[in-house]
Each structure stands twice: as structure tokens, then as C-alpha cells.
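Student: Hey, I've just opened this one and could use a hand. Can we walk through it together?

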Amino acid sequence: MGNATSSARYPLHRAVHEDSAELQSLIDTCDDVDALHPVQGSALNLACELGRTACAVALLDAGALADGSSGSPPLCTACQHGHEGCVQTLLAHGARMDQTDAMGFSPLFMAAEYGQECCVRLLLE
């Protein structure tokens, strides 16, 4: 029952999680592309965690904040998980490399700490 409620309240998150073709139509009718799920954060952050670059592009093009609205910045999340496409997309949309998460860790630190060499190289270019 909790999942059904969560899916109804956070349709963008569900569409990102399922990598659904329905995402764009949901974005088009959504009031807030930066709505925060209590566990997953923003739909953009979830896309960056899962490596869903196309979802990240769609959300950013719809006005999602590249630096996030709360919690861990999407760039930190993408770097932690080694999702090079999401890192490139976020940087192209103006994500700041100096923004840190709640613990004070930067995207570069996250990439290095988790052994994501491809992301370290992208950030140092």
C-alpha cells in the first residue's frame, strides 16, 4: 500500500525509476519537477543515482535545478555512482562543481572516494 501511495504522490520518481516513456507527458503536466520524495530526493537526483541520462536531460530541460533543491546535489550523486553521462549532462546545464552535500563532500571527492575515475577525469577537464 505504501508503494501505491508513493507512486501516486511522486509520479515523476516512479517514471524515472521505471525508465518509463511516460516521463515526458508527466513532466508536461507536472507543477513541480523539483518535488522532493522523502527518501529519494528530487526526480533528478534519482535519475542521477540510477544513471538515467535521458531522464536527467528531460527533467533539466523542463526546468529542474541542476544543483538540486535540497539534500545531496545531483552532481555528487552522479559522481558517487559513476554515471558519466549524467555528470556531463549536469555540467552542460550549469551544475556547480563546488556545491557540497550535507556532509561537506564535493562531487570530486565523491568520485575519487568511490573509485569513479571517469568522473574524476570529467571534473578535472
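**Overall shape**

Tutor: Sure. This is a predicted model. The protein has 125 residues, and a compact globule with that many would have a radius of gyration near 14 Å; the protein has 14 Å, so the two agree.

Student: What does it span along its principal axes?

Tutor: The C-alpha trace covers about 40 × 25 × 20 Å.

Student: OK, and how many helices and strands are there?

Tutor: There are 9 helices and 0 strands. From the N terminus on, the elements run α-α-α-α-α-α-α-α-α.

Student: How much of the protein counts as buried?

Tutor: Of the 125 residues, 42% count as buried. As for the outside, the accessible surface comes to about 6,500 Å², and 50% of that belongs to carbon and sulfur atoms.

Student: Which contacts join residues far along the sequence? What's the share for at least 24 apart?

Tutor: Among contacts between residues at least 6 apart in sequence, 64% join residues at least 24 apart.

Student: Let's zoom in. Why is helix α4 largely enclosed?

Tutor: Helix α4 takes in residues 43–50, and 6 of its 8 residues are buried, so the rest of the structure largely encloses it. The buried ones are Ala43, Leu44, Asn45, Leu46, Ala47 and Cys48.

Student: What covers them?

Tutor: The cover includes α2 (11–17), α5 (53–61), α6 (74–81) and α7 (84–92).

Student: And what comes just after α4?

Tutor: Glycine 51 sits there, with a positive phi of about 75 degrees.

Student: Switching to charges: how many positive and negative ones are there?

Tutor: The protein has 5 positive and 16 negative charges, and their mean positions are 4 Å apart.

Student: How many salt bridges does the structure hold?

Tutor: It holds 4 salt bridges. Arg14, Glu18 and Glu22 are linked in a network of them. Arginine 14 meets glutamate 18 at 3.5 Å, N to O, and arginine 14 meets glutamate 22 at 3.2 Å.

Student: Is arginine 14 buried, exposed or partly exposed, and what about glutamate 22?

Tutor: Arginine 14 has 21% relative accessibility, so it counts as partly exposed. Glutamate 22 is partly exposed too, with a relative accessible area of 33%.

Student: Which salt bridge involves arginine 121?

Tutor: Arginine 121 pairs with glutamate 117, at 3.9 Å from N to O. Both lie in helix α9 (residues 117–124), 4 residues apart, which is about one turn of the helix. An α-helix has 3.6 residues a turn, so residues three or four places apart point the same way.

Student: Are those two buried or exposed?

Tutor: Glutamate 117 is exposed at 56% relative accessibility, and arginine 121 is exposed with a relative accessible area of 51%.

Conventions
Residues are numbered from 1 along each chain as its sequence is written. This is a predicted model: local features need pLDDT of at least 70, side-chain atom pairs count only at pLDDT 80 or more; totals for chains, interfaces and linings use all residues. Side-chain values use heavy atoms; hydrogens and water are left out. Helices (H or I, at least four residues) and strands (E, at least two) are DSSP runs, numbered from the N terminus. The radius of gyration is taken over C-alpha atoms; the globule rule is 2.2 Å times the number of residues to the power 0.38. Buried means under 20% relative accessible area, exposed over 50%, partly exposed in between (1.4 Å probe, protein chains only). Contact means heavy atoms within 4.5 Å. Accessible areas come from the Shrake-Rupley method with a 1.4 Å probe; for residues, only the protein chains shown count as cover. Lys and Arg count as positive and Asp and Glu as negative; His and the chain ends are not counted. The place of a charge is taken as NZ of Lys, CZ of Arg, CG of Asp or CD of Glu. A salt bridge is a side-chain nitrogen of Lys or Arg within 4 Å of a carboxyl oxygen of Asp or Glu.
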